[in-house]
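Student: I'd like a close look at one part of this model, please: the charged side chains. Take your time and tell me where they sit and what surrounds them.

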Amino acid sequence: MMACGTEMTPMNSTASFSGVPNPRVTARSPLYGLYRRSIFSTAGKKPPVSLNSNTIGALRMNPVPELVPLLKQLRLSGILDSLEARNRQAIEGKLAYTEFLSILIQDEVARREQKKFTLRMRRAAFRANKTFEQFDFDRQPKLNRTLVHDLATGRYIGEHAPVLVVGEVGVGKSHLAQALGHCAIRQGVDVLFTSCTQLAASLNGARATGAYERKLATLARVPLLIIDDFGLKPLRPPADEDIHDLIAERYEQASTIVTSNLDFAEWDQAFPNNRLLASATIDRLRHNAYCVELEGPSGRNPKVAPPKSKLANGQKSAHS
């Protein structure tokens with residue numbers, strides 16, 4: 001029985017459309033089901049495409065040409081990448097129509113998710129592709145790994161909580177922050193990575209063009225904003241007010257990751273001209289924040305030239 005009162009026609013019987021009989025077609029391809037449904041669903045209407053025996057045969061053996069305009073119209077042209085291979089797989093495996101359709105839909109979903117991931121990575125503007133797989137946890141024996149793994153789940157994003165990462169130069173603060181951002185993107189979250197200096201410059205540039213309010217609103221809506229190297233350079237007016245306004249707008253509304261070379265007790269030094277503004281900004285950043293401290297020597301070691309071999313020295317002496 002078919003739903004909506006549609007009568008099922010035997011597979012090997014002769015189907016007709018608008019009084020014109022179609023040739024006998026066997027169910028060798030899952031796409032034949034699409035052909036049959038198009039016949040019954042458009043009964044009494046002018047058919048968009050005329051199907052004859054040659055067209056049906058071509059559709060069964062090589063369905064791509066006939067489906068290209070239809071898939072483009074439905075914004076499903078990505079299916080074309082795997083359609084031919086999946087059609088062969090369905091024929092050889094004698095898959096049901098629903099199984100064939102399920103495979104195509106899964107391919108399309110995976111394709112779209114990959115496209116979204118690539119777009120989010122590009123918009124995030126990371127300095128490099130830093131992930132937790134590349135992070136050297138052995139160089140940080142005192143690091144609270146339980147906290148870091150919990151942050152990797154992205155729970156703090158749902159809490160709209162800040163994450164503060166401090167440590168000496170070269171211990172991996174930026175790497176850790178970008179790795180957290182990479183995890184967030186994998187979870188479907190939009191991320192923006194920027195240094196504190198670049199952030200202040202972009203807000204100041206927006207003010208010069210009369211677009212400050214729009215720029216501030218855009219940054220305030222980013223689900224995860226990563227501010228690198230906070231306090232590396234002192235914030236002079238109007239940069240100190242701009243950073244304060246942004247932190248105030250994001251307070252308890254969106255998550256912010258901040259990295260700094262300064263100890264937590266020294267963060268007010270980033271606002272040398274306005275201690276009151278410093279206190280208001282830092283108080284919002286610290287409230288309900290997850291704090292991560294990194295220790296140890298810098299991991300940025302210069303490359304050492306290999307020593308010259310004795311053979312090379314001997315050859316040089318002989319020629320000299």
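Tutor: Start with E84 and R88, whose side chains meet in a salt bridge at 3.7 Å, N to O. By salt bridge I mean a side-chain nitrogen of Lys or Arg within 4 Å of a carboxyl oxygen of Asp or Glu. In general, side chains of opposite charge can pair when their charged atoms come close. Bear in mind that this is a predicted model, where local features need pLDDT of at least 70 and side-chain atom pairs count only at pLDDT 80 or more, while totals for chains, interfaces and linings use all residues. Residues are numbered from 1 along each chain as its sequence is written, and side-chain values use heavy atoms, with hydrogens and water left out.

Both E84 and R88 belong to helix α4, 4 residues apart, about one turn of the helix. (Helices, H or I with at least four residues, and strands, E with at least two, are DSSP runs numbered from the N terminus.) E84 is partly exposed at 43% relative accessible area, and R88 is partly exposed at 43% too. For those words, buried is under 20% relative accessible area, exposed is over 50%, and partly exposed is in between, with a 1.4 Å probe and protein chains only.

Now move along to α5, where R112 and E108 form a salt bridge at 2.7 Å, N to O. Here again the partners are 4 residues apart in one helix, about one turn. R112 is partly exposed at 39%, but E108 is buried at 8%.

A pair that reaches further along the chain is R127 and D228, with their closest N and O atoms 2.9 Å apart. R127 is in the loop between α5 and α6 (145–152) and D228 is in strand β5, so this salt bridge ties together parts that are 101 residues apart in sequence. D228 is buried, with a relative accessible area of 0%. Salt bridges with shared partners also join D81, E108, R111 and R112 into one network. A search of the whole structure gives 16 salt bridges.

Then there are charges without such partners. E168, D263, E266 and E293 gather in a negative patch on the surface. Patch members have over 30% relative accessible area and no salt bridge; like charges are joined within 9 Å, and nonpolar side chains (Val, Leu, Ile, Met, Phe, Trp, Tyr) within 5 Å. The areas come from the Shrake-Rupley method with a 1.4 Å probe, and for residues only the protein chains shown count as cover. Asp and Glu count as negative, Lys and Arg as positive, with His and the chain ends not counted; each charge is placed at NZ of Lys, CZ of Arg, CG of Asp or CD of Glu. D263 sits in the loop between β6 (255–260) and α12 (275–286), partly exposed at 46%.

What is E293 paired with in the strands? E293, in β7, is the bridge partner of V166 in β3. Those two strands pair in the parallel sense over 5 bridges, where pairing takes at least two DSSP bridges between strands. On β3 itself, 5 of the 5 residues (163–167) are buried, so the strand is largely enclosed by the rest of the structure. The strand β6 also runs parallel to β3, joined by 4 bridges, with I257 as the partner of V163.
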